Structure formats: structure tokens, C-alpha cells
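Student: I would like to learn how to read strands and helices in a model like this one. Where do we start?

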Amino acid sequence: MNSIDRYAVIGHGLTHSRSPQIHGLFAQSTGQSMQYGLIDVPAALFAATANDFFSGGGRGLNVTVPHKEAALALATRLTPRAQRAGAVNTLAPGPGTDPSALLGDNTDGAGLVRDLTVNLGYTLAGSRVLLLGAGGAARGVIAPLLEGGVGELRIHNRTTARAQRLAQEFADLGAIASGGDAAGGEYDLIINATSASLRGELPPVPPKACGPHTLCYDMAYGASETVFLHWARGQTFGKMVFRVRVVTLAGGPLPFGISVLRHLGSWISAAILGVGYLVAAFRADKRALHDLIAGTRVEHVT
Ligand code: ATR
């Protein structure tokens with residue numbers, strides 16, 4: 001019998017996963033002897049691979065894109081939050097000694113809400129939230145966000161029918177809708193729960209959804225800043241510069257002529273851009289750290 005506990009993350013397209021390093025650090029700090037692997041399998045091989053892992057003595061799997069809904073079907077017992085989500089991100093043997101028994105849990109929502117409210121100091125109550133994506137990751141966070149008191153939750157997905165189905169499924173928990181055209185205006189929080197970041201792509205975002213005060217949160221991380229976070233920073237910049245120009249032209253000293261106005265506008269824009277850059281860089285660092293921490297929490301086997 002192998003005395004070293006075996007854990008792994010299972011998904012497909014896991015090139016940038018830091019789970020082995022993160023869980024290695026957990027093991028070091030808790031003095032645990034364990035191996036943590038990375039299993040990359042396509043959907044067709046997920047169930048057989050996960051079953052082999054557990055029948056070979058594996059102690060736990062973190063499940064990530066695109067297997068969270070398949071993991072729900074594989075589990076023989078579910079925690080209430082996994083059942084409500086309709087998706088599983090952690091699998092563990094048991095309960096009991098039956099070798100085929102598998103418990104499925106979902107920690108995505110608890111991890112996200114904790115990161116937002118505790119680490120970022122964000123107030124969920126009453127806020128307008130746009131959720132991008134309608135797959136397993138999105139499923140995991142809807143109930144905890146609604147239970148956290150968000151004022152409005154709108155699901156926007158590339159395949160609109162999936163977003164509509166999710167909105168109907170969770171309608172009993174609060175103000176949830178699907179779609180999200182330009183009329184939706186600016187949101188307080190935009191969460192990217194799609195897997196687009198893993199392919200270096202930007203998911204469709206409704207026009208005008210992101211404003212200077214919108215907090216943009218990516219549930220995925222990559223080797224560097226994701227396309228979504230990069231886009232979000234660009235949105236904030238654009239708005240700041242635009243605002244300064246409007247204020248200068250509307251309230252500037254007209255008698256000095258348009259060229260003076262132009263210079264003044266450029267100078268103020270440059271100053272604001274400088275400050276904006278520092279703020280954005282600081283926020284980006286914070287986000288990168290939070291992404292790492294969120295990834296840790298989301299994928300932790302309990
Ligand atoms: P996960 O477990 O990460 O949620 P998933 O269940 O395969 O994985 O769901 C992936 C989600 O990301 C879906 O909402 C998918 O949109 P579709 O329903 O239209 O397939 C979304 N997604 C993936 N790649 C995307 C891209 N390039 N642009 C926009 N959305 C994308």
C-alpha cells in the first residue's frame with residue numbers, strides 16, 4: 001500500500017494550471033506527505049480516468065473545465081451545494097468503505113464570495129452583477145451570489161439558450177435574468193466564468209456593461225494577465241480619458257481658443273493617465289494575487 005496520499009486536478013487544456021505547486025505548498029505547510037498530479041483528459045475519457053484514479057487509491061480530485069457537469073453525474077452522493085449548483089468541482093472517496101462511492105462537492109461559490117467580500121471588501125448586497133458564461137463554473141457561483149444578496153444577477157453567454165436555462169433553473173433564489181444588451185448599462189461587478197481565458201480569448205461582453213467603477217473578476221488565471229482583465233483595464237482607461245476631455249471642453253476657458261483647450265485637455269489627460277496607470281497597475285497586481293488565491297481555494301480538496 002502506498003503511504004503517500006495521491007491527489008490531482010483533472011481537466012482538459014490545463015497548460016497553465018498551478019494546482020500542483022499550490023497544493024504542494026499546502027502540503028509543506030501542514031507537514032503532509034502527498035503527491036499532487038495533473039490529469040489532462042478529453043470529455044470522453046473523464047469518467048473512466050476518474051474511476052481508475054480512485055480504485056487505485058487516489059484520495060481526491062479537483063475537477064475543472066470542462067468536466068464539472070460530468071463529475072456531478074459520476075458522484076454517487078452530493079453535498080447540498082453541489083446538488084443546487086448542478087456541478088461538482090471536488091470528488092473524494094466515500095462516505096464509507098464502498099470503493100465505488102464518490103462524494104461530490106462544489107466550493108466554487110464559497111471561494112468566490114469569500115474572495116470578493118473578505119479579500120476585496122466588496123459589498124454584494126444590492127449590487128448589479130453580470131455573470132459571463134453558463135457552464136460548470138457559472139453554475140457553481142449563482143446560488144451563493146444570490147444568497148449573498150445581489151440586487152440583480154444577469155447571465156450572459158455565447159450560447160444564449162444555455163444562459164436562459166440557467167436563469168430559469170435558479171429563478172426561485174432571487175432576481176436573475178439572462179441576456180444583457182446595451183440597455184443593461186453599467187454593472188457593479190462583471191465575473192468571467194467562461195473558459196475563454198484558457199484559450200486567450202475574450203468572451204462577448206454587452207456594450208457599456210463596464211464602466212470606471214465596475215469591478216472585473218476573472219475566475220480563470222493564466223501564465224500572465226488574462227485577456228479579460230487586460231480588456232477590463234482598457235475599459236477603465238478609455239472612460240477616464242473620455243471624461244476629462246468632456247469636462248475640459250465643456251468647462252474650459254473658451255477665450256483662450258481651441259488650441260489652448262487642446263493643450264490643456266492633453267495635459268490633464270496625461271496627468272490622469274499617469275495616475276490611472278498607477279492605480280490600474282496596483283489593481284492588476286492585487287487581482288493577480290487574488291486569482292492565485294481564488295484558484296487555491298476553488299481547487300482545494302476537502
Ligand atoms: P466550465 O466548467 O469552466 O464552466 P464548461 O462547462 O465547458 O466549462 O463551460 C464553458 C463556458 O465558457 C461556456 O459558457 C462557454 O460558452 P458556450 O455555452 O457558448 O459554449 C464559455 N466559453 C468557452 N469559450 C468561450 C469563448 N471563446 N468565448 C465565449 N465563451 C466561451
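Tutor: Start with pairing: two strands pair if DSSP finds at least two bridges between them. Keep in mind that this is a predicted model.

Student: Which residue in strand 2 is the bridge partner of Ile-10?

Tutor: The partner of Ile-10 is Ile-39. Strand 1 (residues 5-11) and strand 2 (residues 34-40) pair over seven bridges, in the parallel sense.

Student: What does strand 1 pair with in the parallel sense over four bridges?

Tutor: With strand 3 (residues 60-63). One bridge to follow on screen links Tyr-7 to Gly-60 of strand 3.

Student: How many residues of strand 1 are buried?

Tutor: Buried means under 20% relative accessible area. Six of the seven residues in strand 1 meet that, so by this definition the strand is mostly covered.

Student: Which hand does the unit of strand 1, helix 1 and strand 2 have?

Tutor: Point the strands away from you and follow the path over the helix; clockwise is right-handed. Strand 1, helix 1 and strand 2 make a right-handed β-α-β unit.

Student: How do I check the span of helix 1?

Tutor: Take the distance from first C-alpha to last. Helix 1 (residues 19-30) has 12 residues and reaches 16 Å, close to the 16 Å expected at 1.5 Å a residue. Just after helix 1, Gly-31 has a positive phi of about 65°.

Student: Which residues of helix 1 are buried, and which are exposed on the other side?

Tutor: Ser-19, Ile-22, His-23 and Ala-27 are buried. Seen down the axis, the buried residues of helix 1 fall within an arc of 140°, so they line one face. On the other side, Gln-21, Leu-25, Gln-28 and Ser-29 are exposed.

Student: Now the five-stranded sheet. In what order do its strands lie?

Tutor: The order is 9-8-7-10-11, in an open sheet with parallel pairing. Strand 9 (176-178) and strand 11 (215-218) are at the edges; each has a single partner strand, so one side of each lacks a neighbour in the sheet. On average, neighbouring strands here are turned by 20° against each other, direction ignored.

Student: Which helix packs on this sheet and touches strand 7, strand 8, strand 9 and strand 10?

Tutor: Helix 6 (residues 136-147) does, and its direction makes about 165° with that of strand 8. Helix 7 (residues 160-169) lies across strand 8 and strand 9, at about 165° to strand 9.

Student: How many bridges join strand 8 and strand 9?

Tutor: Three, in the parallel sense. Among the bridge partners, Ile-155 is matched with Ser-178 in strand 9.

Conventions: Residues are numbered from 1 along each chain as its sequence is written. This is a predicted model: local features need pLDDT of at least 70, side-chain atom pairs count only at pLDDT 80 or more; totals for chains, interfaces and linings use all residues. Side-chain values use heavy atoms; hydrogens and water are left out. Helices (H or I, at least four residues) and strands (E, at least two) are DSSP runs, numbered from the N terminus. Axes are lines fitted to C-alpha atoms, for helices over the stretch in contact, and angles run from 0 to 180 degrees between N-to-C directions. Contact means heavy atoms within 4.5 Å. The expected span of a helix is 1.5 Å times one less than its number of residues. Buried means under 20% relative accessible area, exposed over 50%, partly exposed in between (1.4 Å probe, protein chains only). The arc is that of the directions from the helix axis to the C-beta atoms.
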